[in-house]
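Student: I have a structure to read today. Can we go through how each label is earned?
Tutor: Yes. Here it is.

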Amino acid sequence: HRGSVFGHVGIPETQTQQRFEALLHQEIEKYKDASVVFVEGESRRIGPVGLPEPWMMAMQQGRKIWVKSSLGVRIQRILNEYLKHQTSDQKIVPLLEEALMSLRRRLGDALFIRIHDHFCRQEYANVVHLLLENYYDRNYKHSSTAQGDDFDWVVTHDSEEDQTSIITFIQRLTLSFEKGYFRRRYAESTP
């Protein structure tokens, strides 16, 4: 979602591409001796900055896990991400509205008015629900990765139990990679 028109909300305007890349490099250095690194798949653009091309290429060439979540879990995650600064920084709400306004033409008048009415009433869960269901999910479904075609594993995250299962899955997967199992198997299956 940080690649969307809302991506810049909550990210300091002073963030420059150069500073972002320096921070990214600093973070990557922490994992230089790791045999496996998990990253969230992002679009090239993250708010006001972009991922460097080598980073994008590495993500595209890596093994992929699709973590599926229910609409309710996704709505809550987005609300937590974007509204966590709401009480301390009231500038968030106008930025969210400005981003919403930029979608008006793409949403169409009827849907936009419905969403904007919820926004004005501070019914943010309804706003996110309508945007996901009627705009973002529909656009995402047009990509091949939306169907899980380009993923090595698909897991579900809808509850605390699922979260525990995913952590266990990732730990086992990490051990398998460290032992070289997937490198050998992947190399054998590629021409």
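Tutor: Keep in mind that this is a predicted model. Start with Gln-122, in the loop between H6 and H7.

Student: Why is Gln-122 called exposed?
Tutor: Its relative accessible area is 55%. Exposed means over 50%. So Gln-122 counts as exposed.

Student: What makes the phi of Gln-122 worth a remark?
Tutor: The phi is positive, about 60°, although Gln-122 is not a glycine. Most residues other than glycine have a negative phi.

Student: Next, the salt bridges. How many does the whole structure have?
Tutor: The search finds five.

Student: How do you know that Glu-27 and Lys-30 form a salt bridge?
Tutor: Their side chains meet at 3.0 Å, N to O. The limit is 4 Å, between a side-chain nitrogen of Lys or Arg and a carboxyl oxygen of Asp or Glu. The pair passes, so the name salt bridge fits.

Student: Are Glu-27 and Lys-30 buried or exposed, or in between?
Tutor: Glu-27 has 34%, so it is partly exposed. Lys-30 has 57%, so it is exposed. The cut-offs are under 20% for buried and over 50% for exposed.

Student: What makes Lys-32 and Glu-29 a salt bridge?
Tutor: The N to O distance is 3.6 Å. That is within 4 Å, so this pair qualifies. Lys-32 is exposed at 58%, while Glu-29 is partly exposed at 36%.

Student: And how do you know that Arg-63 and Asp-152 form one?
Tutor: Their closest N and O atoms are 3.2 Å apart. Within 4 Å is what the name asks for, so Arg-63 and Asp-152 form a salt bridge.

Student: Why does this pair tie together parts that are apart in sequence?
Tutor: Arg-63 lies in the loop between helix H2 (53-61) and strand E3 (65-68). Asp-152 lies in the loop between H7 and strand E4 (153-156). The two parts are 89 residues apart in sequence, so the bridge ties them together.

Student: Why is Arg-63 called partly exposed?
Tutor: Arg-63 is at 30%. Partly exposed runs between 20% and 50%, so the label holds. Asp-152, at 34%, gets that label too.

Student: Now the inside. What makes a group of residues a nonpolar core?
Tutor: The members are buried nonpolar residues joined through side-chain atoms within 4.5 Å. The largest one here has 22 residues. Leu-100, Leu-107, Ile-115, Phe-119 and Leu-131 have the most contacts inside it.

Student: Which element gives the largest share?
Tutor: H7 does, with seven residues.

Student: What does Leu-107 touch?
Tutor: Its partners include Leu-100, Phe-112 and Tyr-135, not counting residues up to four places away in sequence.

Student: Where does Ile-46 belong?
Tutor: Ile-46 is in another core, of seven residues, apart from the largest. Val-49, Leu-51 and Met-56 are also among its members.

Student: Back outside. Which residues form a nonpolar patch on the surface?
Tutor: Tyr-31, Val-37 and Val-39, with about 260 Å² of accessible area together.

Student: What makes Val-39 fit for a patch?
Tutor: Val-39 lies in the loop between H1 and E1. Its relative accessibility is 44%, so it is partly exposed. A patch needs over 30%, so Val-39 clears that cut-off.

Key
Residues are numbered from 1 along each chain as its sequence is written. This is a predicted model: local features need pLDDT of at least 70, side-chain atom pairs count only at pLDDT 80 or more; totals for chains, interfaces and linings use all residues. Side-chain values use heavy atoms; hydrogens and water are left out. Buried means under 20% relative accessible area, exposed over 50%, partly exposed in between (1.4 Å probe, protein chains only). Helices (H or I, at least four residues) and strands (E, at least two) are DSSP runs, numbered from the N terminus. Contact means heavy atoms within 4.5 Å. Patches are made of residues with over 30% relative accessible area and no salt bridge: like charges are joined within 9 Å, nonpolar side chains (Val, Leu, Ile, Met, Phe, Trp, Tyr) within 5 Å. Accessible areas come from the Shrake-Rupley method with a 1.4 Å probe; for residues, only the protein chains shown count as cover.
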